[in-house]
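Welcome! Take a moment with the sequence and the 3D view, and then try the exercises one by one.

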Amino acid sequence: MTLNRVRVLLADDHTLVRTGIRRILEGEPGIEVLAEAADGVHALEMVRTTDADVLVLDLNMPGMDGIDVLRGVKAAYPGLKVIVLTMHAGREYVAKAMQGGADAYLLK
């Protein structure tokens, strides 16, 4: 039986967080982490240059914040699933992310 791999991009400005998430995801069968980005501009570049299925995206990043990245990604790549992974539990953050096209919103 052939397993379809889920290809993931990680975008978070904290190296420790990216490393931890990568370890967790790569420990799961069928998941491959393709690339990591430490800022919003690099995250958009990685979306353009890789064939990812899922973007795991933080909201607070230098260069371009996660909401702007989310909107740009969903406008250009509507089929790409975006999971917002953030420390912000406020309703306003959740609302902005969901209105921007997030497929899921998870707290760190």
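Below are four exercises on this predicted model, each with a worked solution.

**Exercise 1. The order of the elements**

Task: Find how many helices and strands the protein chain has, and write down their pattern along the sequence.

Solution:
- Step 1: Count the elements. The protein chain contains four helices and five strands.
- Step 2: Walk along the sequence and note each element in turn. The pattern reads β-α-β-α-β-α-β-α-β.

**Exercise 2. The overall build**

Task: What radius of gyration would a compact globule of 108 residues have, and what does the protein chain have?

Solution:
- Step 1: Start with the expectation. For 108 residues, a compact globule would come out near 13 Å.
- Step 2: Compare. The protein chain has 13 Å, so the two agree.
- Step 3: Add the box. Along the principal axes, the C-alpha atoms fill roughly 45 × 30 × 25 Å.
- Step 4: Look at burial and contacts. Of the 108 residues, 39% count as buried. Among contacts between residues at least 6 apart in sequence, 57% join residues at least 24 apart.
- Step 5: Turn to the surface. About 6200 Å² is exposed, and carbon and sulfur atoms supply 56% of it.

**Exercise 3. The two sides of helix 2**

Task: Which residues of helix 2 are buried, and is Arg48 buried or exposed?

Solution:
- Step 1: List the buried residues of helix 2, which are Gly40, Ala43, Leu44, Met46 and Val47.
- Step 2: Check their directions. These residues cover an arc of only 160° around the axis, so they sit on the same side of helix 2.
- Step 3: Ask what covers them. The cover includes strand 1 (6–11), strand 2 (31–37), strand 3 and helix 3.
- Step 4: Go round to the other side of helix 2, where Arg48 and Thr49 are exposed. Arg48 has a relative accessible area of 54%, and exposed means over 50%.
- Step 5: Relate Arg48 to a residue further along. Arg48 and Tyr77 are 29 residues apart along the chain, and their C-alpha atoms are separated by 8.9 Å.

**Exercise 4. The packing of helix 3**

Task: Against which elements do the buried residues of helix 3 pack?

Solution:
- Step 1: Name the buried residues of helix 3 (residues 66–76): Gly66, Ile67, Val69, Leu70, Val73 and Lys74.
- Step 2: Place them around the axis. Their arc is only 160°, which means that they lie on the same side of helix 3.
- Step 3: Find their partners. They pack against helix 2 (40–49), strand 3 (54–57), strand 4 (81–86) and helix 4 (91–99).

Terms used:
Residues are numbered from 1 along each chain as its sequence is written. This is a predicted model: local features need pLDDT of at least 70, side-chain atom pairs count only at pLDDT 80 or more; totals for chains, interfaces and linings use all residues. Side-chain values use heavy atoms; hydrogens and water are left out. The radius of gyration is taken over C-alpha atoms; the globule rule is 2.2 Å times the number of residues to the power 0.38. Buried means under 20% relative accessible area, exposed over 50%, partly exposed in between (1.4 Å probe, protein chains only). Contact means heavy atoms within 4.5 Å. Accessible areas come from the Shrake-Rupley method with a 1.4 Å probe; for residues, only the protein chains shown count as cover. The arc is that of the directions from the helix axis to the C-beta atoms.
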